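Here is a short briefing on one protein model and its ligand. Keep the structure open while reading.

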Amino acid sequence: MSFPLVSPPHLASTKIVIANWKMHGDLQRNQALMHAYLQALSPLAPEVKVIVCPPYPYLAQLQSLCQGSVVSWGAQNVAKNVIGAYTGEVSPRMLIDFGAQYVIVGHSERSTAYCESDENIAEKFMLAKQHGLTPILCVGETLLEREAGVMERVVGKQLETIIQRFGGCAFANTIISYEPIWAIGTGLAASVDQAVAMHQFIHETVKTADSDAIQTLKILYGGSVNPQNALQLLQHPEIDGALVGRCALDAEAFIEICKSAVPTTV
Ligand code: PEP
């Protein structure tokens, strides 16, 4: 299968903070949360780019609340097919219909619970890109894999699956979020050193595959980011932003994290 490459809009050289609401929220709560987000986050643009990924049914609500604002929205998953008899699946075209510009692919909560293979994730990544969505690829290792010292091999395989199938150029104008599985939802974030070491590995892997693609690739960190650790992580030049789960459901905490991404002048 070969895909024509459609370049999504170039990602500005800002830090990116993504709210992954997972399967949380309702119409009323979303409205209150977005009201708080929008009031506080507008002054942070363009230095901080905020993307909110609600559950599918709320994409229309996000579209009506965020259209014309500094906040963009996206989905938490996408089908690997465009149209057809795929009960329960949502096509990239449908996401575009609701103004989504981004989509998370390969989140470990999906790959673990719904047995998504690296190959499956690679297909979703490319199909999303082909349709003009910016894919946010989640990669990361389990605690056992880290303890065994094979975390780079695991993340390398996740990246190589895409590189071998579609070439390193597939990563141009996309986002990778390094999300150690042991850090997601556990309160135990990776240290800055651990995150930076993996970011450098991801950078080198993509650069070796395609030295142009690396220029427009953003590499984020995700896993128990909170207001206490955000500044250290987000001010590091190797970390282009954060993917935030639990703390994105608390307006105050999320806003604090976004503020930590504003470049500080020394
Ligand atoms: C996530 O959902 O990808 C995530 C990082 O969650 P949390 O911030 O709760 O660890």
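**Briefing: a buried lysine, the ligand site and backbone outliers**

K124 lies in helix α5, which spans residues 118–130. The model is predicted. Three topics follow: buried residues with their contacts, the ligand and its surroundings, and backbone geometry.

**K124 and V139**

- K124 has a relative accessible area of 4%. Buried means under 20%, so K124 counts as buried.
- What does the side chain of K124 meet? A polar atom of that side chain lies 3.2 Å from the backbone oxygen of V78. This pair is within the 3.5 Å limit for a polar contact.
- V139 belongs to strand β5, residues 134–139. V139 is buried as well, at 2% relative accessibility.
- How far is V139 from A261? Their C-alpha atoms are separated by 22 Å. Along the chain, V139 and A261 are 122 residues apart.

**The ligand and its shell**

- Which residues come nearest to the ligand? They are K22, H107, E179, G185 and S224, out of 14 residues around the ligand.
- By class, the shell holds four nonpolar, seven polar and three charged residues.
- G185 makes a backbone contact: one of its backbone N or O atoms lies 2.7 Å from an oxygen atom of the ligand.
- S224 also uses its backbone, with an N or O atom 2.8 Å from a ligand oxygen.
- N20 uses its side chain. An N or O atom there is 3.1 Å from an oxygen atom of the ligand.
- How much of the ligand does the protein bury? Taken alone, the ligand exposes 290 Å², and the protein buries 98% of that.
- The space taken by the ligand is the largest cavity.

**The loop between β7 and α9**

- S224 sits in the loop between β7 (218–222) and α9 (230–234). N229 is found in the loop between β7 and α9 too.
- S224 is buried at 11% relative accessibility. N229 is buried at 15%.
- S224 and N229 are in polar contact. The backbone oxygen of S224 lies 2.9 Å from a polar atom of the N229 side chain.
- S224 thus appears under two topics: a backbone N or O atom of S224 lies 2.8 Å from a ligand oxygen, and its backbone oxygen pairs with the side chain of N229.

**Backbone geometry**

- Most residues other than glycine have a negative phi, and most peptide bonds are trans. The cases below depart from that pattern.
- What is the phi of S224? The value is near 60°, which is positive in a residue other than glycine.
- N173 has a positive phi too, near 55°, and is not a glycine. N173 lies in the loop between α7 (151–166) and β6 (175–178).
- Is N173 buried or exposed? N173 has a relative accessible area of 9%, so this residue is buried.
- Which peptide bond is cis? The bond from A45 to P46 is cis, with omega near 0°.
- P46 is found in the loop between α1 (27–41) and β2 (48–53).

**Recap**

- The ligand is 98% buried by the protein, and its space is the largest cavity.
- S224 combines a positive phi near 60° with a buried position at 11% relative accessibility.
- K124 is buried at 4%, and its side chain contacts the backbone oxygen of V78.

Definitions and conventions:
Residues numbered from 1 in each chain as written. Predicted model: local features only at pLDDT ≥ 70, side-chain atom pairs only at ≥ 80, totals over all residues. Heavy atoms only, no water. Helix = DSSP H or I, 4+ residues; strand = E, 2+ residues; numbered from the N terminus. Buried < 20%, exposed > 50% of the residue type's maximum accessible area, 1.4 Å probe, protein only. Near = heavy atom within 4 Å. Polar contact = N/O pair within 3.5 Å; in protein donor to acceptor, adjacent residues only side chain to side chain. Areas by Shrake-Rupley, 256 points an atom, 1.4 Å probe, with all protein chains shown as cover. 1 Å grid on protein atoms, 1.4 Å probe; cavity = no way out; pocket = protein on both sides within 12 Å on 5 of 7 lines; lining within 4 Å. Sits in = over half its atoms within 2 Å of the grid points. Nonpolar A, V, L, I, M, F, W, Y, C, P; charged D, E, K, R; others polar.
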